[in-house]
Amino acid sequence: MKLLNLIRLAIRALQRNKLRALLTMLGIIIGVASVITMMSIGEGSKESINASLASMGSNMITITPYSNEPGGARLGGSSFKTLTMKDVDAMRKDAPDISIISPLASSSGQAINGASNWPTNIQGVSPEYMDIRKLVIKDGIMFSDQDVRASAKVCLLGKTVVDNLFPGGEDPIGKVIRFGNIPFQIIGVLVPKGYSNFGQDQDDLIIAPYTTVQKRITSTIYFGSIYASAINEGASDIAVTEISAILRESHRLRDNQDNDFQVRTQAELMTMMNSTSSMMTALLTAVASISLVIGGIGIMNIMYVSVTERTREIGLRMSIGARGIDILLQFLIEAVMISITGGVIGVVIGVSAAIIVPKMLNWPTVISEFSIVISFVVCAVTGIFFGYYPALKASRLDPIEALRYE
Amino acid sequence: MSNKILEILNVKREFTMGTEIVRALKGVSFEVNSGEFVTIMGSSGSGKTTLLNMLGCLDKPTDGIYMLDKVNIKELSRDELAKLRNRKIGFVFQAYNLLPRTTALENVELPLLYNPTVSTKERKERAIAALQAVKLDGRFDHTPNQLSGGQQQRVAIARALVNEPVMILADEATGNLDTRTSYEIMSLMQDLNQNGRTIVFVTHEPDIAGFSSRTITLKDGRVQKDSMNTNNRSAKEALASLPAADDY
């Protein structure tokens, strides 16, 4: 029988049992819809992580202290005292693939303005920090190298700190606040950045010269971390190699000693974050795929019923000249039709859900063509796989017995 | 005419039921020429059904030769048998076996769907012609449950005619019908026969056999009697002689 006629036949057979066909499709519909929704949520979160990491500076390199002492209690990174200004100067001088560099000495404490106070974090940095972290000044100015050398008691505030210290809404520029016991004059306010992907308020900070923070607050010559920018994104890996070499030399590490620092690029961070989100996507998709399999079993079940129900029809078709392959194709196409129709409905529901979810739950979603294509392929394969055995059974019926079947 | 449509030579058919061998046909031989109207009679268990399945190419003989239109059935595969059924045989069943919820026209078109040499347009034309030949002009769009038993059987006959077979094979085609409708169907069969169709009609009613030109009687898997009906009745006259139908 010609393919077109077979397809027409299958459509007719499904139309005769509309409700049954729909119920059979349900498993596939739910499966496809959930796969597409899950994948678009996964893609969406991946993309938003990438976007926010890129906003932090895509060629940013972070250097943190790291334990290289085997044995004994290992301590967190910030408790190691390995990074000093000497390292920063060495890198500034000897690493050609680094464009700018800034140390970071931070401390948490209470910021006080008159009757208002707010627990926050002060970050002691050099002026280049602004460019590395893509921070922008909204009002006022950045402190200068002169301020750094003089350990000037000047600072810039993030929006959260401004809101909490100046609840009346007055202009903070030029005012003096205290961080702990140290008075700081406010010379600038930063453009708000909002929350990071880790749920951290990126506007809850005070920026001051690192010399001031080191001398007056932390009383140490060590830095918690060093931030640098590679000359471009592609140079990140070379820059990491250069940094490692310089730091190993400046820390006088022997060949058999591990690094006492850790260098991470933004690209690595991106990969790390993405691997978490990819794993979640894979997991959710796997769960959703199970319902596709269940849907397929549903198709198989109903096709067996259909074959039994239509035994006489099969017998008749055979007696008037249908070959085994004609009968096989008839039932196979019917099964594939169920699964593909279910797939189409599933795609429509899945895509709608991917459009509605960001509005209802505020989760970002990205609908990928890939997920739609793969759903279709999986549907067709499901139909063929689960429809094949019932169809084979039908095609192998003995026409004599099938004709007499009651 | 001595154009042999059917040639059966010492055909045997055995079935194995568990450990027992059932010999349904024990050596049957006869020939049917083109244009004959043959009835095959026999009581139940005489091998009638087995012979019919064989004639219809649904089954193959265990032993012996069956030539249909000069083709030896024994050498054909399952698919080749299907093709042969499609092109050379028109089946008419006792239970009509029409597809439910499918119009008369589509039911008649069915055999042509399995013949890829027939185009969609030709298929429809031939189905309409076949339905007209069985006098069902105004019923193309009726489904089987909208038709009477006699009409359903006529749709089935149209379906058997549509592929222009060399032989129409009827299995108790009047078994489910009342006398009047049976006669109508037999009258139709006689008309078709007069137009040159070869008909093999299996029945157990001697009354029906009287309308044919030749009767083969089976008993215990053997041909008991094979005789020409010299004074075969006309179904039209028999119909006319029936008392007038009750008005309803």
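# Exercises on a predicted two-chain model

In chain B, four strands form an open sheet in the order β2-β1-β4-β5, with antiparallel pairing. The structure is a predicted model, and the exercises below start from this sheet.

## Exercise 1. The edges of the open sheet

Task: Determine which strands of chain B are the edge strands of the sheet, and describe how β5(B) is joined to β4(B).

Solution.
- Step 1. Write down the strand order, β2-β1-β4-β5 of chain B.
- Step 2. Look for strands that pair on one side only; these are β2 (20-33) and β5 (71-72) of chain B.
- Step 3. Follow β5(B) to strand β4 (residues 63-68) of chain B: two bridges join them, and the strands run antiparallel.
- Step 4. Locate a facing pair of residues: L68(B) stands opposite V71(B), which belongs to β5(B).

## Exercise 2. An enclosed strand in chain B

Task: Explain why strand β3 (residues 37-41) of chain B is described as largely enclosed, and identify the strands with which β3(B) pairs.

Solution.
- Step 1. Apply the cut-off for burial: a residue is buried if 20 or more other C-beta atoms lie within 10 Å of its own.
- Step 2. Count the residues that meet it. Five of the five residues of β3(B) are buried, so the strand is largely enclosed by the rest of the structure.
- Step 3. Separate the faces. In a regular strand, side chains alternate between the two faces of the sheet. In β3(B), F37(B), T39(B) and M41(B) lie on one side, V38(B) and I40(B) lie on the other, and all are buried.
- Step 4. Find the partners. Strand β8 (residues 198-202) of chain B pairs with β3(B) in the parallel sense over four bridges; there, I199(B) is the bridge partner of F37(B).
- Step 5. Strand β9 (residues 214-219) of chain B also pairs with β3(B) in the parallel sense over four bridges, and I216(B) in β9(B) is the bridge partner of I40(B).

## Exercise 3. A covered strand in chain A

Task: For strand β5 (residues 154-157) of chain A, state which residues lie on each side and in what sense β7(A) and β8(A) pair with the strand.

Solution.
- Step 1. Assign the sides: V154(A) and L156(A) share one, C155(A) and L157(A) the other. All four are buried, and both faces of β5(A) are thus covered.
- Step 2. Strand β7 (residues 182-190) of chain A pairs with β5(A) in the parallel sense over four bridges.
- Step 3. Strand β8 (residues 206-209) of chain A pairs with β5(A) in the antiparallel sense over two bridges.
- Step 4. Use L156(A) as a reference point: its bridge partner in β7(A) is G188(A), and its bridge partner in β8(A) is I207(A).

## Exercise 4. Domains of chain A and the contact with chain B

Task: Give the domain bounds of chain A and describe the side of chain A that touches chain B.

Solution.
- Step 1. The domain assignment gives domain 1 (3-52 + 272-404) and domain 2 (67-259); their C-alpha centres lie 56 Å apart.
- Step 2. Turn to the contact between the chains, which takes 18 residues from chain A and 19 residues from chain B.
- Step 3. Name the contributing helices: α1 (3-16), α10 (311-319), α11 (324-361) and α13 (399-404) of chain A each supply at least two residues of the side that touches chain B. The largest share, five residues, comes from α10(A).
- Step 4. Sort the residues on this side of chain A by type: eight are nonpolar, four polar and six charged.

Note on methods: Residues are numbered from 1 along each chain as its sequence is written. Chains are lettered from A and ligands numbered from 1 in the order in which they are written. This is a predicted model: local features need pLDDT of at least 70, side-chain atom pairs count only at pLDDT 80 or more; totals for chains, interfaces and linings use all residues. Two residues are in contact if their C-beta atoms, placed from the backbone, lie within 7 Å. Ala, Val, Leu, Ile, Met, Phe, Trp, Tyr, Cys and Pro count as nonpolar, Asp, Glu, Lys and Arg as charged, and the others, Gly among them, as polar. Two strands pair if DSSP finds at least two bridges between them. Domain bounds come from an automatic or database domain assignment. A residue is buried if 20 or more other C-beta atoms lie within 10 Å of its own, exposed if 12 or fewer, and partly exposed in between; C-beta atoms are placed from the backbone.
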